[in-house]
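Student: Could we go through this model together, one question at a time? I would like to see the reasoning behind each answer.

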Amino acid sequence: MSTRTAAPTRREQILKQAARLFAERGFHGVGVDEIGAAVGISGPGLYRHFAGKEAMLAELLVGISSRLLDGGKLRVREAGPDGDPSALLAALIDGHIDFALDDRPLITLHDRELDRLRDSDRKLVRQFQRQYVELWVTVVRELYPHVPEARARGAVHAVFGLLNSTPHLGPYGGGPPGRAATESLLRRLAHGAFAALGDDGDGGAAGGHHAAGGHREADDDRADGEGA
């Protein structure tokens, strides 16, 4: 499931171009007129859609955190209570890879500009991200029930760090080289990381399952669901 729609509205077009420009040149390096020019409307015309650049940034970062969480919840519902946790984890990985390849500027924005949000918006981003992380942790522990919760959470953060490295793959305009090959590589690396949990002598799973590695504890303040 991709994080973007098939037919973007004018508002979505503005947000897409704002994300690209903010990521390329920084929030303070981009003017409203430039964002308007990128979508073919006057700068003042943007105010019919947004109160200002701060509102665009908030909608971008709160919006993607919310969409990632909603996408994860949808995959859990589709799997059902008796679903295969291995297949569910694979679906979560594929969904996050779609985000990491399709919305790379938002990863850069999260890393660089999150602190510019109002406290209420920043807390909302963190809330959505924590819920997204815990959704993954639940699935990982269903697959590897003998893995301690902190280790499973560390593995999830490690995989997010791997998948969210996509801004370093190439220029924003052209996208990473060879999308299909990059997607396949990210998928193999993510599954391999989770497979390390099954090989861990301290916390291997029962029933012959194999899944993830990573030993970084989650930070209560920085449950980085999509950006960092």
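Tutor: Gladly! Keep in mind that this is a predicted model. To set the scene, the chain has 228 residues, and buried residues make up 46% of them.

Student: Thanks! Which secondary-structure elements does the chain have, and how many strands?

Tutor: Reading from the N terminus, the elements run α-α-α-α-α-α-α-α. That fits the count of eight helices, and the number of strands is zero.

Student: Let's turn to packing. How do α6 and α7 stand to each other: roughly parallel, roughly perpendicular, roughly antiparallel or oblique?

Tutor: Helix α6 covers residues 119-143 and helix α7 covers residues 149-163. Their axes come within 9 Å and cross at roughly 120°. Angles of 65 to 115 degrees count as roughly perpendicular and those over 145 as roughly antiparallel. The α6/α7 angle therefore makes the pair oblique.

Student: What is the handedness of that crossing of α6 and α7?

Tutor: Look at how α6 passes α7 in the model. The crossing is right-handed.

Student: And α7 with α8: roughly parallel or roughly antiparallel?

Tutor: The axes of α7 and α8 lie 10 Å apart, and the angle between them is about 165°. This crossing, too, has a hand, and for α7 and α8 it is right-handed. The cut-off to use is 145 degrees, over which a pair counts as roughly antiparallel. So α7 and α8 are roughly antiparallel.

Student: Now the charged side chains. Which residue meets E134 in a salt bridge?

Tutor: The structure holds 15 salt bridges, and one of them involves E134, with an N to O distance of 2.7 Å. E134 belongs to helix α6 and its partner to helix α7, so the pair ties together parts that are 19 residues apart in sequence. The partner is R153.

Student: Is R153 buried or exposed?

Tutor: The cut-off for buried is under 20% relative accessible area. With a relative accessible area of 14%, R153 is therefore buried.

Student: Which other residue forms a salt bridge with R153, and where does that partner lie?

Tutor: This second pair meets at 2.5 Å, N to O. Both residues lie in helix α7, four residues apart, about one turn of the helix. The partner counts as partly exposed at 38% relative accessibility, as does E134 at 30%. The α7 residue you asked for is E149.

Student: Moving on to α8, which residues are joined with R179 into one salt-bridge network?

Tutor: R179 is partly exposed, with a relative accessible area of 33%. Its side chain meets that of E183 in a salt bridge of 3.7 Å, N to O, and both lie in helix α8 (residues 179-199), four residues apart. Salt bridges that share partners extend this into a network, in which R179 is joined with D94, D98, D102, E183 and R187.

Student: One last puzzle: R75 is buried yet has no salt bridge. Which backbone oxygen does its side chain reach?

Tutor: R75 is found in helix α3, residues 53-79. The nearest side chain of opposite charge, D98, is 5.2 Å away, and a salt bridge needs a separation within 4 Å. Instead, at 3.1 Å, the R75 side chain reaches the backbone oxygen of G71.

How values were computed
Residues are numbered from 1 along each chain as its sequence is written. This is a predicted model: local features need pLDDT of at least 70, side-chain atom pairs count only at pLDDT 80 or more; totals for chains, interfaces and linings use all residues. Side-chain values use heavy atoms; hydrogens and water are left out. Helices (H or I, at least four residues) and strands (E, at least two) are DSSP runs, numbered from the N terminus. Buried means under 20% relative accessible area, exposed over 50%, partly exposed in between (1.4 Å probe, protein chains only). Lys and Arg count as positive and Asp and Glu as negative; His and the chain ends are not counted. A polar contact is a pair of N or O atoms within 3.5 Å; within protein, one must be able to donate a hydrogen and the other to accept it, and residues adjacent in sequence count only if both atoms are side-chain atoms. Axes are lines fitted to C-alpha atoms, for helices over the stretch in contact, and angles run from 0 to 180 degrees between N-to-C directions. Angles under 35 degrees count as roughly parallel, over 145 as roughly antiparallel, 65 to 115 as roughly perpendicular and the rest as oblique. A crossing is left-handed if the near helix is turned anticlockwise from the far one by less than a right angle, and right-handed if clockwise.
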